[in-house]
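Please look over the sequence and the model below. The notes that follow take up one loop residue, the nonpolar cores and one pair of packed helices.

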Amino acid sequence: MNKRVEVSNALLRKLKLFYKDKRCVLTKSIFNVDWHHLDENHANTCFQNLIPLSRDYNNLLEQYRRIEKNKYNDWYGYDPSFSPESMVFTSRHFYMQGEVALAYGCARLASWLVRLYPSIFGRYKNHLIYSLEAMKSARHSGEQELIKDIIGRDFIPYIDKFRIAEKLQLLEEAASIFQEYGDYVNAKEIFDILNTKYKTYIKRDALETQIRLLRRSAILHLQEHDKLLDALAMLKMARDNNGASDTNRLAGIINSTAWTYMSLEQVDKAIESLDEVMERAFKSDGLHNSLFVGPWNAFETLLTYYNALNIKEKRKNKKIKNIEEQLNYMTELSSAEHFKLRPVAFQMSSSFKGDINPNTSSLYSSLTSSILERMHVDLSDILKNLVKDIISNLQSRI
């Protein structure tokens with residue numbers, strides 16, 4: 001057995017900063033919480049491999065270990081509150097609240113449970129759905145170490161085991177990360193592959209991927225200020241396919257539609273489309289409605305709405321003043337919860353700012369602290385390796 005490596009003071013500070021103290025990722029409790037090693041290797045004591053977990057749940061894990069060791073294949077008595085499906089449900093709840101660290105921890109733990117305890121959780125086909133949930137939260141946190149670790153330990157070693165639709169979903173995820181960190185060249189290259197070589201397959205067997213792909217491809221057109229009517233058509237198709245199945249994604253699609261209208265100098269249509277989101281995304285007290293939209297989409301929609309109204313009104317009316325107050329609140333929330341605005345969203349939401357000068361505006365100065373930093377070179381390299389491995393594997397399968 002590997003010798004246990006204790007958590008250093010520097011690592012402890014980093015973990016507590018990310019998780020906002022030693023809070024269990026499932027319950028948020030700070031009482032009787034341990035640092036759990038995801039891979040159960042106590043020598044692998046690092047930021048990427050540790051999550052705070054209640055001691056009660058750690059005791060349950062000890063039971064799972066004994067069952068797995070003895071291979072009780074007919075045992076089905078696991079605690080339903082401590083199962084992958086329960087964890088991913090909790091993860092999505094935290095995600096919509098903006099608690100990206102807890103959302104990440106829940107989903108990542110679920111991913112490891114499926115891999116470590118096949119005798120108990122054998123009915124789960126693979127861990128991909130849970131790792132993708134963890135990736136979604138890691139992306140919004142801006143913690144590139146976590147993104148790199150998920151790619152290196154959860155994705156690349158298992159490429160051969162994933163189904164074709166899942167591999168295409170991974171390609172779309174890689175392109176999304178490139179796009180969100182401002183690497184539009186690599187993002188466009190992957191989107192072009194998906195939109196040409198695998199378009200028929202995605203349309204037939206991967207609706208979720210198709211919806212996300214339509215929106216992100218439309219945003220690429222906006223960034224290039226090219227084929228704006230095609231972008232509108234893509235966003236309409238994305239909205240029609242999405243329906244009411246994912247309200248947070250719907251808010252993002254509507255916000256992207258508003259960007260397109262503003263790019264076409266149709267500000268009234270942009271405001272009209274955003275009104276629909278604003279009515280549902282925020283409560284009467286000004287706080288975002290986590291049942292409908294995640295805080296980043298609320299944040300980005302607010303920013304777009306703010307700029308659209310400024311263009312329309314050309315003056316600081318009461319409505320604009322209220323939105324400024326909401327934006328300041330969302331900026332503070334972003335800092336507290338460690339979620340970040342995506343550079344692409346900030347760029348698009350702010351590119352129609354009219355008379356506002358971001359260099360002198362205190363609002364824009366505070367917003368810049370909430371934006372994802374440029375992607376590190378090592379993350380870019382491992383993403384490229386992931387894409388290369390997936391495409392090579394797909395060519396041998398399709």
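Beyond its neighbours within four places in sequence, S83 touches Y78, F121 and Y124, contact being taken as heavy atoms within 4.5 Å. The model is predicted, so local features need pLDDT of at least 70 and side-chain atom pairs count only at pLDDT 80 or more, while totals for chains, interfaces and linings use all residues. Residues are numbered from 1 along each chain as its sequence is written, and side-chain values use heavy atoms, with hydrogens and water left out.

**Setting of S83**
- S83 sits in the loop that runs between α2 (55-70) and α3 (84-97), where helices are DSSP runs of H or I of at least four residues, numbered from the N terminus.
- Because its relative accessibility is 1%, S83 counts as buried (under 20% relative accessible area, 1.4 Å probe, protein chains only).

**Nonpolar cores**
- The largest nonpolar core, a set of buried Ala, Val, Leu, Ile, Met, Phe, Trp, Tyr and Cys residues joined through side-chain atoms within 4.5 Å, has 119 residues, and Y19, L26 and F82 have the most contacts inside it.
- Helix α4 (residues 100-116) gives the most to this core, with 12 residues.
- Leaving aside neighbours within four places in sequence, L26 is in contact with residues including L53, Y57, F82 and L109.

**Packing of α8 and α19**
- Helices α8 (residues 164-180) and α19 (residues 377-395) pack with their axes, lines fitted to C-alpha atoms over the stretch in contact, 10 Å apart and at an angle of about 155°.
- The two helices, α8 and α19, are therefore roughly antiparallel (angles over 145 degrees between N-to-C directions, on a range from 0 to 180).

Terms used. Buried < 20%, exposed > 50% of the residue type's maximum accessible area, 1.4 Å probe, protein only. Parallel < 35°, antiparallel > 145°, perpendicular 65-115°, else oblique.
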